[in-house]
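Colleague: I have just opened this structure and would like to learn how to read it. Could you take me through a few features?

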Amino acid sequence: MAEITVGIIMGSQSDWATMKKAADILDELGVAYEAKIVSAHRTPDRLWEYGKTAADRGLKAIIAGAGGAAHLPGMMASKTRVPVIGVPVQTRALSGVDSLYSIVQMPKGFPVATMAIGEAGAANAGLMAAAILASGDAALADRLDAWRAALSASIPEEPQDG
Ligand code: RP5
């Protein structure tokens, strides 16, 4: 079985519908990952343990999604040197602007690579994790190049009616 190099973590089961878009991309690109519920507020000890062991377990990127007062990506970045890619989950009350601001405004020293709000951000997080891994994995680099070329090829030159 392929070594797990990407961790997808999220604050709640309710985030999975969004975060699955990251998992789908990793599946398409043949990247092994794990998906876990790790809440900054509800399971802080789980968060700490995950961050403490992430590098030694061989993780090369962590995709962290949360909504509202979304502290998970930033707290994870404070606990591990493994690059953290943050996904602001869209909320009902503030449409995810709360999540975005919570994730993007990190103080100097502990960066979180922050994606767009919602499903597009989650999919891009998968692509970003793959791009990080591709710098040391030629076969994955080829698969990522092919994925990007296929996307470009799927865009028509002219708009169609209807
Ligand atoms: C955050 O609160 C989670 O990341 C989720 O986006 C949000 C709502 O969680 P639930 O109340 O649906 O569990 O911690």
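Modeller: Gladly; we will go from the annotated domain to the core, one helix and the ligand. Keep in mind that this is a predicted model.

Colleague: Which residues does UniProt give for the feature "domain: PurE"?

Modeller: The UniProt record, an unreviewed entry, places that feature at residues 4-155. Over this stretch the chain is 47% helix and 15% strand, with the end C-alpha atoms 33 Å apart.

Colleague: How should I read the nonpolar core?

Modeller: In soluble globular proteins, nonpolar side chains tend to be buried together. Here the largest nonpolar core has 43 residues, and Ala22, Ile62, Ile63 and Leu72 touch the most other members. Helix 5 supplies the largest share of this core, 6 residues. Looking beyond four places in sequence, Ile62 is in contact with Gly7, Ile9, Ala54, Met76, Val82 and Val84.

Colleague: What should helix 5 span, and why?

Modeller: Helix 5 (residues 119-134) has 16 residues, so at 1.5 Å a residue the expected span is 22 Å; its end C-alpha atoms are 23 Å apart, which agrees. Its buried residues include Gly121, Asn124 and Leu127. The buried residues of helix 5 pack against strand 1, helix 1, strand 3, strand 4 and helix 6.

Colleague: And which residues are around the ligand?

Modeller: They are Gly11, Ser12, Ser14, Asp15, Ser39, His41, Ala66, Gly67, Gly68 and Val89. Sorted by kind, this shell has 7 polar, 2 nonpolar and 1 charged.

Note on methods. Residues are numbered from 1 along each chain as its sequence is written. This is a predicted model: local features need pLDDT of at least 70, side-chain atom pairs count only at pLDDT 80 or more; totals for chains, interfaces and linings use all residues. A residue is near a molecule or strand if its C-beta atom, placed from the backbone, lies within 6 Å of it. Ala, Val, Leu, Ile, Met, Phe, Trp, Tyr, Cys and Pro count as nonpolar, Asp, Glu, Lys and Arg as charged, and the others, Gly among them, as polar. Helices (H or I, at least four residues) and strands (E, at least two) are DSSP runs, numbered from the N terminus. The expected span of a helix is 1.5 Å times one less than its number of residues. A residue is buried if 20 or more other C-beta atoms lie within 10 Å of its own, exposed if 12 or fewer, and partly exposed in between; C-beta atoms are placed from the backbone. Two residues are in contact if their C-beta atoms, placed from the backbone, lie within 7 Å. UniProt positions are given in the numbering used here, feature names are shortened, and annotations may be inferred rather than shown by experiment. A nonpolar core is a set of buried Ala, Val, Leu, Ile, Met, Phe, Trp, Tyr and Cys residues joined through C-beta atoms within 7 Å.
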